[in-house]
Amino acid sequence: MKNLRYSWSPFLKYGKKLEIEENSVVYHQGSEGKGFFYLSKGGIKITLLSQEGVERTVNYVPEGMLFGEHGAKNEPYLTSATSSSSSEIYFFSDEALFMICAEHPEAACIFTNSLIYKFRILAEIISFLNSPIEQQMAHFLLKLVSENGNFSIDQSSFARYIGTSRITVNKILNKWKSQQWIQISTRTIDILDIYQLKAIRDSGAIDISNLDVLMLSL
C-alpha cells in the first residue's frame with residue numbers, strides 16, 4: 001500500500017478542481033454519494049459517528065491520496081470529511097471514473113487498492129480498541145508523522161483521534177517529553193526517538209505483526 005501516494009495524480013485532468021477553506025465540510029456520513037475526491041494540497045480530517053452519537057477521528061488524509069471512494073455509484077458515505085486547513089481537492093463523478101478506467105485500465109486497480117486501504121484503516125482502529133492508551137498513542141503518532149511529515153495537530157484533536165480524553169493524552173505526552181522522546185509545541189508533536197515509540201507500539205495487550213505496512217510513505 002506504500003505506493004498509493006500520488007498514484008492518482010495522472011488523472012487529475014478528469015476531475016473538478018475545488019479550493020476550500022478550513023473547516024469546510026466535503027461530505028457528511030450517511031448522505032448520498034455523489035463521487036469521490038483527491039487531496040492535492042492541505043488537509044482533510046475523516047470522522048466516524050457511532051450509533052451512540054460519539055464522533056471519532058479515524059484518519060487524516062495525506063496529500064496525494066483519494067478519499068470518499070465509498071461514495072461512488074451513489075452509495076452513501078460511510079464517514080464524514082472536513083478540511084483541517086485551506087485545501088485544494090479534486091472531485092470525480094461516476095462518469096469521470098468510468099471514463100478514466102476506460103482510457104486507463106490501470107486506474108481501476110489504483111481505485112480498488114485505495115478503497116481497500118481505507119477499510120484496513122478501520123480494521124486497524126478496531127484492533128487497537130482494547131490495547132493500552134499509551135500503545136495506541138505511539139502507533140497513531142508514528143502513523144501521522146510517517147504519512148504527513150511535520151504534522152500540525154493539537155492535543156485535543158489528537159485525543160479525538162485516539163478516542164480518549166485530552167487529560168490522558170497530555171499526561172502521556174508530558175511523560176514522553178520528560179524522557180526526551182518527543183518535543184511539543186503549540187500545534188505540533190515532533191518525534192525525537194522513533195525507536196522508543198516503536199517499542200511502546202509493539203508492546204502491550206495486542207500483537208499486530210508488521211504494523212509499518214499500514215503506513216504510507218511520503
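In what order do the four strands of the open sheet run, and with what pairing? I looked this up in a predicted model. The order is S1-S8-S3-S6, and the pairing is antiparallel. Strand S1 (16–20) and strand S6 (66–67) stand at the edges with a single partner strand each, so each has one side without a neighbour in the sheet.

**Entry: inside the sheet**

I turned next to the pairing of S3 with S8. Strand S3 covers residues 36–41 and strand S8 covers residues 87–92; five bridges join them in the antiparallel sense. I noted one pair across these strands: Leu39 is opposite Ile89 of S8.

**Entry: Leu18 on the edge strand**

I picked Leu18, which sits in strand S1. Is Leu18 buried, exposed or partly exposed? I found a relative accessible area of 26% for Leu18, and because buried means under 20% and exposed over 50%, Leu18 counts as partly exposed. I then listed its contacts, leaving aside neighbours within four places in sequence: Ser87, Glu88, Ile89 and Phe91. For one of these, Glu88, I also looked up the C-alpha separation from Leu18, which is 5.8 Å, with the two positions 70 residues apart along the chain.

**Entry: helix H5**

I checked the length of H5 (residues 166–178) first. The helix has 13 residues, and at 1.5 Å a residue the expected span is 18 Å; the end C-alpha atoms are 18 Å apart, so the two agree.

Which residues of H5 are buried? I found Val169, Ile172, Leu173 and Trp176 to be buried. They lie on the same side of H5, because the arc they cover around the axis is only 100°. On the face turned away from this buried side I noted the exposed residues Ile167, Lys171 and Ser178.

I then asked what the buried residues of H5 pack against. The partners are three helices and two strands: helix H3 (133–148), helix H4 (155–162), helix H6 (194–201), strand S9 (182–184) and strand S10 (189–191).

**Entry: positive phi**

Most residues other than glycine have a negative phi. I therefore recorded the exceptions that came up.

Gln180 comes just after H5 and takes a positive phi of about 60°. Gln180 is not a glycine, and its place is the loop between H5 and S9. I found Gln180 exposed, at 61% relative accessible area.

Tyr6 is another residue other than glycine with a positive phi, near 65°. I located Tyr6 in the segment before S1. With a relative accessibility of 39%, Tyr6 is partly exposed.

**Entry: cavities**

How many cavities of 30 Å³ or more are there? I counted three. The largest holds about 170 Å³ of space.

I went through the lining of the largest cavity. Its lining comes to 16 residues, and those nearest the centre are Ile46, His70, Thr79, Lys118 and Leu122. Strand S5 (55–61), S6 and helix H2 (106–128) supply at least two lining residues each. Which element gives the most to this lining? I found that H2 does, with four residues. S6 thus appears twice in these notes: as an edge strand of the open sheet, and as a contributor to the lining of the largest cavity.

Technical notes:
Residues are numbered from 1 along each chain as its sequence is written. This is a predicted model: local features need pLDDT of at least 70, side-chain atom pairs count only at pLDDT 80 or more; totals for chains, interfaces and linings use all residues. Side-chain values use heavy atoms; hydrogens and water are left out. The expected span of a helix is 1.5 Å times one less than its number of residues. Buried means under 20% relative accessible area, exposed over 50%, partly exposed in between (1.4 Å probe, protein chains only). The arc is that of the directions from the helix axis to the C-beta atoms. Contact means heavy atoms within 4.5 Å. Two strands pair if DSSP finds at least two bridges between them. On a 1 Å grid over the protein atoms alone, a cavity is a set of points where a 1.4 Å probe fits but cannot get out, and a pocket is an open set with protein on both sides within 12 Å along at least five of seven lines; lining residues have an atom within 4 Å of a point. Grid points are joined across faces, edges and corners, and a volume is the space filled by probe spheres set on the points.
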